[in-house]
Amino acid sequence: MEDKERQILEDLVFCAHEMEREGLIIGSVGNISARIDEKTFYISSHSSYLGRVTETEFVKVNLLGEKIEESNLDPSSELWMHVEIYRARPDIGAIVHTHSPYASAYAVLKRPLKPVNPESTYKLGEMPIVSYFPSGTREFARAVANSLKPNINVALLERHGVVTVGKTVHEALNYAELVEEIARINYLVDTLSR
Ligand SMILES: [Zn+2]
């Protein structure tokens with residue numbers, strides 16, 4: 001394995017563990033991927049618990065959703081969402097999907113997050129809310145990919161959660177952290193102003 005691929009796997013493992021440590025996911029939910037080159041990427045497996053995932057639990061796939069390396073693990077059930085996003089966004093290198101509770105609650109209500117501080121507003125920009133489709137389907141995957149227009153890095157998924165994209169997996173994770181922070185502040189603002 002090349003050094004570059006080893007580094008990608010190391011970053012994926014680090015960020016996956018952070019996702020659970022920070023309360024963005026719990027147990028076997030959520031998924032994470034990073035591009036190796038224009039046509040291939042590593043994605044967490046269907047059975048992975050991200051909080052304790054290891055480098056051997058990532059599956060190498062192409063942009064047709066096919067496994068391209070021998071593995072007895074299946075890719076995440078949200079494989080198509082990752083495939084469609086990488087196809088639509090050649091500029092991004094990583095995708096993080098969480099069910100972080102505060103942002104997910106706003107997504108359930110389809111209530112847009114208000115800008116609450118200058119840094120996050122500047123970094124996150126517009127955050128579209130994708131209407132509900134059953135997860136794992138191509139319709140869902142296309143709707144998410146369509147919402148992530150150039151320069152949009154965060155989408156809220158109605159009755160589901162959050163997806164973020166970045167040039168690196170660290171950047172995508174940072175967007176996932178920021179959107180949850182903004183959602184928590186929105187919740188406090190909404191509660192206190194009642
Ligand atoms: Zn999910």
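Two strands count as paired here if DSSP finds at least two bridges between them, and in this predicted model that criterion gives strand S7 two partners. Strand S4, residues 94–98, is joined to S7 by 5 bridges in an antiparallel arrangement, and within this pairing valine 96 stands opposite threonine 164 of S7. Strand S6, residues 154–157, also runs antiparallel to S7 and is joined to it by 4 bridges, with alanine 155 standing opposite valine 163. S6 and S7 form a hairpin with 3 residues between them, and in that turn arginine 159 has a positive phi of about 50 degrees.

The surroundings of S7 can be read from its two faces. In a regular strand the side chains alternate between the two faces of the sheet. On one side of S7 lie Gly161, Val163 and Val165, on the other Val162, Thr164 and Gly166, and all of these are buried. Because 6 of the 6 residues of S7, residues 161–166, are buried, the strand is largely enclosed by the rest of the structure.

The zinc ion has as its protein donors the NE2 atoms of His97, His99 and His160, which lie 2.1 to 2.2 Å from it. Along the chain these donors follow the spacing H-x1-H-x60-H. Since histidine 99 sits in the loop between S4 and helix H3 (101–108), while histidine 160 sits in the loop between S6 and S7, the pair ties together parts that are 61 residues apart in sequence. As for accessibility, histidine 99 counts as partly exposed at 31% relative accessibility, whereas histidine 160, with a relative accessible area of 16%, is buried, the cut-off for buried being under 20%.

Key:
Residues numbered from 1 in each chain as written. Predicted model: local features only at pLDDT ≥ 70, side-chain atom pairs only at ≥ 80, totals over all residues. Heavy atoms only, no water. Buried < 20%, exposed > 50% of the residue type's maximum accessible area, 1.4 Å probe, protein only. Helix = DSSP H or I, 4+ residues; strand = E, 2+ residues; numbered from the N terminus. Donors = N, O, S within 2.8 Å, 3.2 Å for Na, K, Ca; no water.
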